[in-house]
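I sat down with this model to look up three things. They were the empty space inside, the surroundings of the ligand, and one helix.

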Amino acid sequence: MKDVLIELKDLVKIYDTGLIKVLGLYKINLKIFRGEFVAIMGQSGSGKSTLMNILGCLDRPTLGNYYLDGVDVASMPSDELNKVRNQKIGFVFQSFNLISRMSALKNVEIPMIYAHKNSPKERAERAEMLLEKVGLGGRIHHQPNEMSGGQRQRVAIARALTNEPPLILADEPTGNLDTASSVEIMEMFSALHKAGATVVVVTHEENIAAYTDRMLRFSDGRLISDRDNPNPTPVRDLSIFEGMYHQKGVDRC
Ligand SMILES: Nc1ncnc2c1ncn2[C@@H]1O[C@H](COP(=O)(O)OP(=O)(O)OP(=O)(O)O)[C@@H](O)[C@H]1O
Ligand SMILES: [Mg+2]
């Protein structure tokens with residue numbers, strides 16, 4: 001039987017700006033299963049980032065429930081929510097969100113520092129191992145402004161993986177990249193999915209969504225279609241992250 005990782009029940013998000021109320025999401029009912037690779041699509045303003053922020057525990061719904069691994073996180077106190085976010089979720093953003101004055105290595109170490117994980121030596125070793133996996137072994141001491149957009153996004157992917165989160169969320173990760181870099185990044189997400197992670201990617205582009213195996217489409221804050229993609233775009237190397245997700249990390253979120 002498929003194992004539910006994410007369940008949304010009648011989830012509503014209303015932004016209250018003080019002057020007006022803006023509908024972000026309306027009565028979303030959705031299950032995402034462990035190990036799925038999902039694309040979130042829809043026009044600008046349709047609610048994609050609103051959804052990702054809620055899934056990523058960066059924001060809370062106004063009404064309804066969000067169960068992550070069976071736990072209702074919508075009503076969790078903030079400190080517990082921060083812990084859940086740090087342990088279970090890896091984020092990748094359109095604008096990379098790296099710290100510009102820090103090396104790639106230090107950027108990747110940050111989530112481990114927040115999680116009070118490992119000794120400084122172990123943190124550096126793990127960060128280097130992750131940067132090698134994303135093909136940046138030769139650039140660990142470079143700062144983001146010394147790298148191309150595609151390389152920056154690969155640093156961001158390495159950073160998202162530091163705590164081995166079972167859920168990877170990416171909001172338009174290829175939005176600032178050229179075609180060749182976009183292909184590289186989507187191949188990396190495909191390999192992560194293959195290694196056992198649950199991956200959710202927001203995109204405007206059909207050819208990016210085509211790498212995933214399920215496409216959800218939003219319009220005006222509503223989920224308007226949900227369809228499987230039986231033939232995801234084939235990728236060159238699915239083995240990049242092989243064995244990285246320990247069984248524990250995949251089975252127990
Ligand atoms: N912080 C906010 N305050 C008020 N309204 C907001 C806020 N964030 C989003 N909205 C509104 O919620 C709706 C959904 O926005 P959202 O950012 O989720 O869209 P999106 O699908 O991610 O769009 P894009 O493709 O442009 O990134 C829009 O009407 C938007 O104006
Ligand atoms: Mg958005």
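My entries follow, in the order I made them.

**Entry 1: cavities.** I note at the start that this is a predicted model. I searched the whole structure for enclosed space. How many cavities of 30 Å³ or more does the search find? It finds two.

I took the largest cavity to begin with. Its space comes to about 50 Å³. I listed the residues that line the largest cavity: Met52, Asn53, Leu58, Phe91, Val92, Phe93, Leu169, Ala170 and Asp171. Three elements give two or more residues each to this lining: α1 (48-55), β6 (89-93) and β7 (167-171). By class, I count seven nonpolar residues, one polar and one charged in the lining of the largest cavity.

Then I went to the second largest cavity. Its volume is about 40 Å³. The lining here is made by Ile54, Cys57, Asp59, Arg60, Pro61, Tyr66, Val73, Ala74 and Leu81. Seven of the residues lining the second largest cavity are nonpolar and two are charged, with no polar residue.

**Entry 2: ligand 1.** I turned to the shell around the ligand. Which residues come nearest to ligand 1? Of the 15 around it, they are Ser44, Gly45, Lys48, Ser49 and Thr50.

I checked polar contacts next. A polar side-chain atom of Ser44 sits 2.6 Å from an oxygen atom of ligand 1. Gly45 uses a polar backbone atom, 2.8 Å from an oxygen atom of the ligand. Ser46 also has a backbone N or O atom facing a ligand oxygen atom, at 3.2 Å.

How much of ligand 1 does the protein bury? Alone, ligand 1 exposes 640 Å², and the protein buries 62% of that. I asked which elements give two or more residues to the shell, and found β2 (21-33) and α1. The shell divides into 10 polar residues, three nonpolar and two charged.

**Entry 3: helix α1.** I had now met α1 in the lining of the largest cavity and in the shell around ligand 1. I looked at its burial. Why do I call α1 largely enclosed by the rest of the structure? Six of its eight residues are buried, so the rest of the structure largely encloses it. I wrote down the buried ones: Lys48, Thr50, Leu51, Met52, Ile54 and Leu55.

I cross-checked these names against my earlier lists. Met52 lines the largest cavity, and Ile54 lines the second largest. Lys48 and Thr50 are among the residues nearest to ligand 1.

Last, I looked past the end of the helix. Cys57 follows α1, and its phi is positive, near 60°. Cys57 also lines the second largest cavity.

Notes: Residues are numbered from 1 along each chain as its sequence is written. Chains are lettered from A and ligands numbered from 1 in the order in which they are written. This is a predicted model: local features need pLDDT of at least 70, side-chain atom pairs count only at pLDDT 80 or more; totals for chains, interfaces and linings use all residues. Side-chain values use heavy atoms; hydrogens and water are left out. On a 1 Å grid over the protein atoms alone, a cavity is a set of points where a 1.4 Å probe fits but cannot get out, and a pocket is an open set with protein on both sides within 12 Å along at least five of seven lines; lining residues have an atom within 4 Å of a point. Grid points are joined across faces, edges and corners, and a volume is the space filled by probe spheres set on the points. Helices (H or I, at least four residues) and strands (E, at least two) are DSSP runs, numbered from the N terminus. Ala, Val, Leu, Ile, Met, Phe, Trp, Tyr, Cys and Pro count as nonpolar, Asp, Glu, Lys and Arg as charged, and the others, Gly among them, as polar. A residue is near a molecule or strand if one of its heavy atoms lies within 4 Å of it. A polar contact is a pair of N or O atoms within 3.5 Å; within protein, one must be able to donate a hydrogen and the other to accept it, and residues adjacent in sequence count only if both atoms are side-chain atoms. Accessible areas come from the Shrake-Rupley method with a 1.4 Å probe; for residues, only the protein chains shown count as cover. Buried means under 20% relative accessible area, exposed over 50%, partly exposed in between (1.4 Å probe, protein chains only).
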